[in-house]
Amino acid sequence: MEVTNSNEKRENIKNLILIIFLFLLTIPGLQGRYKFINETRLNGAYKQEEKPSFKSFSHESWLNGSFQEQYNTRLEQNIGFRSALIRVYNQLTFSLFGKGNAEGVVVGKGNILYEDDYIKEYLGLYYVGDSIWTKKAIKLKAVQDTLDRLGKKLIVVFEPDKASLYPELFPQNYQLVEKKLSNYDKLLQEVTASGVNVLNLNQYFIDIKDETEYPIFAQCGTHWSYYGATLAADTTLRYLESLLNTDLTDMKIVQNKVPDIPRHPDYDIGLAMNLLFMISHPKTADPILEFIDKGNNKPSALVVGDSYFFNWLNNRIPERTFKDCDFWYYNKKIVRSDGSSGGLAPERNFKDEIMRRDVIMIMITGRFMHSFAWGFDEQLFDLFYPGQSNPREQFANQIRCYGDEFKRMYKESVAEHISLSDRIQREAEYLFYDDLKNNPDKYTSKNDILLSYELAIRNTPEWLTEIKRKAKENNISVDEQIHNDAIWIYEEKYGKN
């Protein structure tokens, strides 16, 4: 009798385990279909796929496997409790291995969060070459001088970034990478030497990072904190006062509120991690500001920059300190000082926009240094010095400004063991040569025609071999010989005049 009861108990336990197992298998499917529990959506770039269906089924899609692949993807995306399961997985990998599963997120020492693009820029891995920065500095100085004569000021503002401030906290794999010359290093060197108006907030933040009352960069944020942004804004206003030789609106911190839940974006990378629990971090301050006007001395400003400027907009700093201030986000979307949309920058009359401003500021953080000014500096130069730009450089600039294309160039340069600068120039030459063949009427200036001849020489092996022979015979560089032969061909075809 006892044996029978024992067997029954074991059977009951087995049945209970089986029921629990089947329940765990079916509950995600039931949740996916009926949504009887509201799930918290994932943060970041998670695209919600449509529910799986047979609408796209066809004989062809079945045979080539596209239907099965699409159906499986949609099924996985719509499984019940998917968000919760992802958060559990992310929390385990972070807590056990110190790894962040958000795209581009790097976990440093003490759980400080970086975006890896900042680190690669800081270490010089994204370096695009010397000549581009020398040329840009020369153009910026020429534009600045022209604007000075028109009673306007051009300023380049180098915003800070966490990689520059806290390289000692990089994870071990980046600690082992030797730092080389970066785009920031070289551009700062060139614009300073050229006499361009520069406000280096990056160096200012490095100098004060251990002295401030509150963090100037949130541990789990990618931008400067609101406290750091306020210090930067005050420093910028004082710099503008000196440059414009006038008294501008004073701004002071009345109170530093310290919220339990950080104000967005002070925890923006932390949110992108999609964890179960918030990462322990030092609290950041949310300054309460007071503005003291000094009469009618508010300048009209145009700011071209990145997302760091939104912290200024959120605290109404541009609205209270400038007569009017338009922010051209990545030189594309326009945001007015009151936060409203102003449309798209390419749709505006560029000359009119420049001529009605007193101050033009280019603000950029380290992550985007390779794409400096997002083409805005080239537009300024073309406005005042039309016809002098090199079309090949224009294509190279487009590549540097286009994030996906730039990263493709970086990956290919690493794979081919060549410099990133050479890979970009090669791509730019191809794009120019292809555009020249398809749209010859676009390229009619002497500069354009000479460049087309030079590219023709470089891309004709027999011709290039002859050029190398002549260069050696004339004791000059191959580049100089190519240029000389291009001039000779031009003069033979169009005459020396």
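**Exercise 1.** In this predicted model, determine how many residues of strand β7 (residues 300-305) are buried, and why the strand counts as largely enclosed.

Solution.
Step 1. Apply the cut-off: a residue is buried when its relative accessible area is under 20%.
Step 2. Take one side of β7: Ser300, Leu302 and Val304 are buried there.
Step 3. Take the other side, where Ala301, Val303 and Gly305 are buried as well. Both faces of the strand are therefore covered.
Step 4. Six of the six residues of β7 are buried, so the rest of the structure largely encloses this strand.

**Exercise 2.** Identify which strands β7 pairs with, and in what sense.

Solution.
Step 1. Strand β8 (residues 324-329) pairs with β7 over six bridges, in the parallel sense.
Step 2. Within this pairing, Leu302 of β7 has Asp326 as its bridge partner in β8.
Step 3. Strand β11 (residues 359-364) also pairs with β7 in the parallel sense, over four bridges.
Step 4. For the pairing with β11, Ile362 stands opposite Val304. Leu302 and Val304 lie on one side of β7, and both are buried.

**Exercise 3.** Place β7 in the context of the chain: state the secondary structure content, the buried share, the contact range and the accessible surface.

Solution.
Step 1. The chain contains 22 helices and eleven strands.
Step 2. Of its 497 residues, 47% count as buried; in β7 the count is six of six.
Step 3. Consider contacts between residues at least 6 apart in sequence: 69% of them join residues at least 24 apart.
Step 4. The accessible surface of the chain is about 26700 Å², and carbon and sulfur atoms account for 53% of that area.

Key. Residues numbered from 1 in each chain as written. Predicted model: local features only at pLDDT ≥ 70, side-chain atom pairs only at ≥ 80, totals over all residues. Heavy atoms only, no water. Buried < 20%, exposed > 50% of the residue type's maximum accessible area, 1.4 Å probe, protein only. Helix = DSSP H or I, 4+ residues; strand = E, 2+ residues; numbered from the N terminus. Pairing = 2+ DSSP bridges. Contact = heavy atoms within 4.5 Å. Areas by Shrake-Rupley, 256 points an atom, 1.4 Å probe, with all protein chains shown as cover.
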